[in-house]
Structures are given as structure tokens and as C-alpha cells.
Amino acid sequence: MEYFKYLRQYVGHQPLILPGSVVIIINEDGEILLQERYDGSYGLPGGLMDLGESLEEVAKREVFEETGLIVKDLQLVTVFSGQDFYLKVANGDELYAVTAVYYTNTVTGTLKVDEYESKAMRYFVLDQLPNACTGNDRRFVEAYMKMKKGDC
């Protein structure tokens with residue numbers, strides 16, 4: 001059982017602090033991989049930490065589960081946390097996300113869609129993200145673009 005689901009048995013919908021990771025995967029053409037979700041949004045592959053994992057291990061595991069790709073040479077962009085990352089999801093669960101954002105262009109494997117989590121996977125030009133890439137995912141990509149320009 002995933003750790004956050006275990007905790008939910010005891011705290012119900014009360015706010016939790018949930019750490020996780022996402023990965024910005026850049027291909028040889030400088031494009032970014034995004035997953036199209038069933039709600040019509042686009043986002044980065046990633047997910048929540050399980051007991052005993054490091055944030056980098058979360059990133060690698062989640063990318064593999066969601067895309068079939070093996071990522072290496074992860075570089076930390078930044079960590080997002082705080083009041084701006086409070087969420088109340090459709091089922092009433094409340095959480096404060098702590099998200100480590102990594103990037104890499106070192107990828108092996110064959111891209112495949114985990115149909116449980118994604119409708120499709122596709123690469124996009126970095127400065128031409130789909131309008132449906134909103135909220136935190138867009139903020140994560142913008143932080144990466146700012147870092148790469150040396151504006152940090």
C-alpha cells in the first residue's frame with residue numbers, strides 16, 4: 001500500500017505534508033516530455049515518496065512506472081513547498097506538497113504510456129507548452145527555464 005494511503009486510514013481528509021518528485025525530461029531536440037492526463041491537463045511525470053525512498057529514487061521510480069523510461073544523471077532544479085502548494089483534491093483530502101523538481105537529458109528505454117495515469121505522452125517545444133499545462137507543472141517548467149538561462 002502506498003504510504004499516503006496508509007496515513008489516510010488514520011487521519012481521514014486532514015492535511016498531510018506529502019513529499020514527492022517530478023522530472024523534466026529533455027530530448028535531443030530540446031523538447032520536454034509531458035503526459036496528457038484523463039482530465040485534459042498536461043503535466044510532468046512524477047509522484048509521491050514511499051517509506052525509505054530518497055527524492056531522487058522517487059523521481060526515477062515514478063518516471064519508469066509512468067513512461068517506461070530509465071532516467072539518469074538527474075539534476076536538481078529546486079524544491080517547491082509552502083502555503084502556495086496546499087491542495088484540496090476532489091475527494092476532500094487536503095495536503096501540502098513538497099516537490100523536488102529534477103531535469104535530465106540522459107534517458108534510456110522505450111516510451112510507453114501507463115494507461116492508468118496517462119492518456120498519452122508527447123514531447124513539446126519548451127517555450128510552446130500546451131495551454132492545459134497549468135498550475136504547479138507550469139511553475140516547475142518555468143523554474144527550469146529560468147535556471148537554464150542563468151536567472152537564478
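How many bridges join S2 to S10? Six bridges join these two strands, which run antiparallel. The model is predicted, so to speak of local features a pLDDT of at least 70 is needed, side-chain atom pairs count only at pLDDT 80 or more, and totals for chains, interfaces and linings use all residues. Residues are numbered from 1 along each chain as its sequence is written, and side-chain values use heavy atoms, with hydrogens and water left out.

Helices (H or I, at least four residues) and strands (E, at least two) are DSSP runs, numbered from the N terminus. Two strands pair if DSSP finds at least two bridges between them. Strand S2 spans residues 31-36, and strand S10 spans 120-125. Leu 33 has Tyr 123 of S10 as its bridge partner. An open sheet of three strands follows the order S3-S2-S10, with antiparallel pairing. Strands S3 (42-43) and S10 stand at the edges. Each has a single partner strand, so one side of each lacks a neighbour in the sheet.

Strand S5 (residues 69-72) pairs elsewhere. Four bridges join S5 to strand S9 (residues 106-109), and the two run antiparallel. Lys 72 stands opposite Thr 106 in S9. In a regular strand the side chains alternate between the two faces of the sheet. The side chains of S5 alternate too. Leu 69 and Val 71 point to one face and are buried (under 20% relative accessible area, with a 1.4 Å probe and protein chains only). Ile 70 and Lys 72 point to the other face and are not buried.

Asp 73 lies in the loop between S5 and S6. Its phi is near 55°, a positive value in a residue other than glycine. Most residues other than glycine have a negative phi. Asp 73 is exposed (over 50% relative accessible area; partly exposed lies between the two cut-offs). Its relative accessible area is 51%.

The interior was examined next. A nonpolar core is a set of buried Ala, Val, Leu, Ile, Met, Phe, Trp, Tyr and Cys residues joined through side-chain atoms within 4.5 Å. The largest such core has 24 residues. Those with the most contacts inside it are Ile 24, Ile 32, Leu 34, Leu 44, Val 101, Phe 140 and Tyr 144. Strand S1 (16-25), S2, S6, strand S8 (94-104) and helix H3 (135-149) each supply at least two residues of this core. Another core, of 11 residues, lies apart from it. Among its residues are Ile 25, Leu 33, Ala 100 and Met 121. In soluble globular proteins, nonpolar side chains tend to be buried together.

Phe 140 illustrates the contacts (heavy atoms within 4.5 Å). Residues up to four places away in sequence are not counted. Phe 140 then touches Val 22, Ile 24, Leu 44, Phe 80, Phe 85, Thr 99 and Val 101.

Empty space was mapped on a 1 Å grid over the protein atoms alone. A cavity is a set of points where a 1.4 Å probe fits but cannot get out. A pocket is an open set with protein on both sides within 12 Å along at least five of seven lines. Lining residues have an atom within 4 Å of a point. Grid points are joined across faces, edges and corners, and a volume is the space filled by probe spheres set on the points.

One cavity of 30 Å³ or more was found. The largest cavity holds about 30 Å³ of space. Its lining consists of Tyr 3, Phe 4, Leu 18, Pro 19, Leu 48 and Met 49. Helix H1 (3-11) and S1 each give two or more residues to this lining. Ala, Val, Leu, Ile, Met, Phe, Trp, Tyr, Cys and Pro count as nonpolar, Asp, Glu, Lys and Arg as charged, and the others, Gly among them, as polar. By class, the cavity lining has six nonpolar, no polar and no charged residues.

The largest pocket holds about 1300 Å³ of space. It is lined by 39 residues. Arg 37, Gly 46, Gly 47, Leu 48 and Glu 117 lie nearest its centre. S1 gives the most to this lining, with five residues. The lining divides into 16 nonpolar, 10 polar and 13 charged residues.
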